[in-house]
Amino acid sequence: MLSREKSQSIFNRAMNVLTQGVSSNFRYSGPDNTPVLKRGKGARVWDADGNEFIDYRLGWGPIILGHADDRVNQAVAESIKNGITFAATTELEVEVAEKIVKMVPGMEKLRFTNTGTEATMHALRTARGYTNKEKFIKFEGQYHGAHDYVLFSTASSPISAMGPRTSPIPVQVGTGIPDKIRDYVYCLPFNDFDAVKQCVKDHHGEVAAMFVEPCLGNIVGIEPKDGFLAHLKTLCNEYNIVLVFDEVKTGFRLANGGAREAYGVIPDISTYAKSLGNGFPVAAFGGRAEVMDVIGGGSVTHAGTFGANGASMAATNAVLNILSESPVLENLAERGKRLKTGLDQILTDAGLPHQMAGHPNIQGFLITEKPVQEVRDLAHSNDAMYETIMGNMYDRGVWAESDPREPWFLCEAHSDEIIDETLNRFQDSVQAAVHS
Ligand SMILES: Cc1ncc(COP(=O)(O)O)c(C=O)c1O
């Protein structure tokens, strides 16, 4: 067991002043287990007690280069000397937008926000404004942020409440969301070609947008079946629905052009956040100019005091320069493949039935005997065994989420040596779990 005396004492103070001691529900793991972090560098983090971990959580995705990356920090330090918030366009903001347009296939126009939630919220409003329709489709198990419209049937919703696969019930996440909002959403099983076709046919003329995480960044990184994203695009074209790729986790991670590039399908709009700023709060949404051009005074509202602030733009500028000047994500994918192959082999040797999932840069695995292609299939996952293995990893200084739904994220700083170290500790952790 690792020491947590200091972490616990800080967390006890946190409980007095922060609700549940955290600034996001998802960070709370109980009164005696919630981690308190002190610092990070590269692919490693240290908690308040000084315990060191190889980090595969990476802040749930934003760290694409490494924690406290000197190149990004320096760019931000330089830029903030000039002030950061002006309620006006800056040249740096234009430069960053030009880089995104150049890097992302089919990207014509965009707007900056600060969080993924704001990006998806505005993307939905834009789609509604463009089509003059109000409802939208999302897929079960996908998370699109914390605004009311999208908080249905996410990764944390009980599968038992989702109703039959053939007529899914949207499950509201928590309380505080007006019940009538349910009427605006259709939740469908991912990777089910027929279910989507049937839904758009049945609700022809009602659906403004189809939101999809191109690979399931909140469910082990499960990837789309061959042709699934193209199928969505065809249906959206046919039924005048705005196709929105939620690339908050996949953008600037799968490839420089994100899922559009990795899977070769170009949606109408995409949303970005996480990797854009290597941890600085920045997000964006954008795509076809014809759709984006409904934004403006008198039509669709997009606003935000801190949008495109100088600190975030400087961080994003540095990240985009680094990604476009060297094959960071391709190299990452090579190391990610090595990690995936190694984990797979160790699980096979231990006789544990499992399924590897995801793109090498955002991957995971499930302990399961049945194939998994969408969230409902998690009903067969042996979460207890996964949690035991991850508990053993944590004790050995490797930190991936103990919930198998959250994928392992890789960053530039995960060197070959770090991958080897991870695999050695994984071998020990699996053996300890199997023989416990
Ligand atoms: C796919 C996806 N969309 C949107 C969001 C919301 O982003 P944020 O937490 O920055 O509001 C998340 C957050 O994890 C996400 O994974």
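In this predicted model, the centres of domain 1 and domain 2, taken over C-alpha atoms, are separated by 25 Å. Domain 1 comprises 36-68 + 328-434 and domain 2 comprises 70-325, with bounds from an automatic or database domain assignment. Residues are numbered from 1 along each chain as its sequence is written. Local features need pLDDT of at least 70 and side-chain atom pairs count only at pLDDT 80 or more, whereas totals for chains, interfaces and linings use all residues.

The contact between the domains takes 27 residues from domain 1 and 36 residues from domain 2, two residues being in contact if their C-beta atoms, placed from the backbone, lie within 7 Å. On the side of domain 1 that touches domain 2, helix H10 (328-349), strand E11 (354-359) and strand E12 (362-367) each supply at least two residues; helices (H or I, at least four residues) and strands (E, at least two) are DSSP runs, numbered from the N terminus. Strand E12 gives the most to this side, with four residues.

An open sheet of seven strands, with mixed pairing, follows the order E4-E10-E9-E8-E7-E5-E6, where two strands pair if DSSP finds at least two bridges between them. Strand E4 (109-113) and strand E6 (185-188) stand at the edges with a single partner strand each, so one side of each lacks a neighbour in the sheet. Strand E8 (residues 242-246) and strand E9 (residues 269-272) run parallel and are joined by three bridges; Asp 246 stands opposite Thr 271 in E9. Helix H6 (residues 228-238) lies across strand E7 (207-212) and E8, at about 150° to E8; axes are lines fitted to C-alpha atoms, for helices over the stretch in contact, and angles run from 0 to 180 degrees between N-to-C directions.
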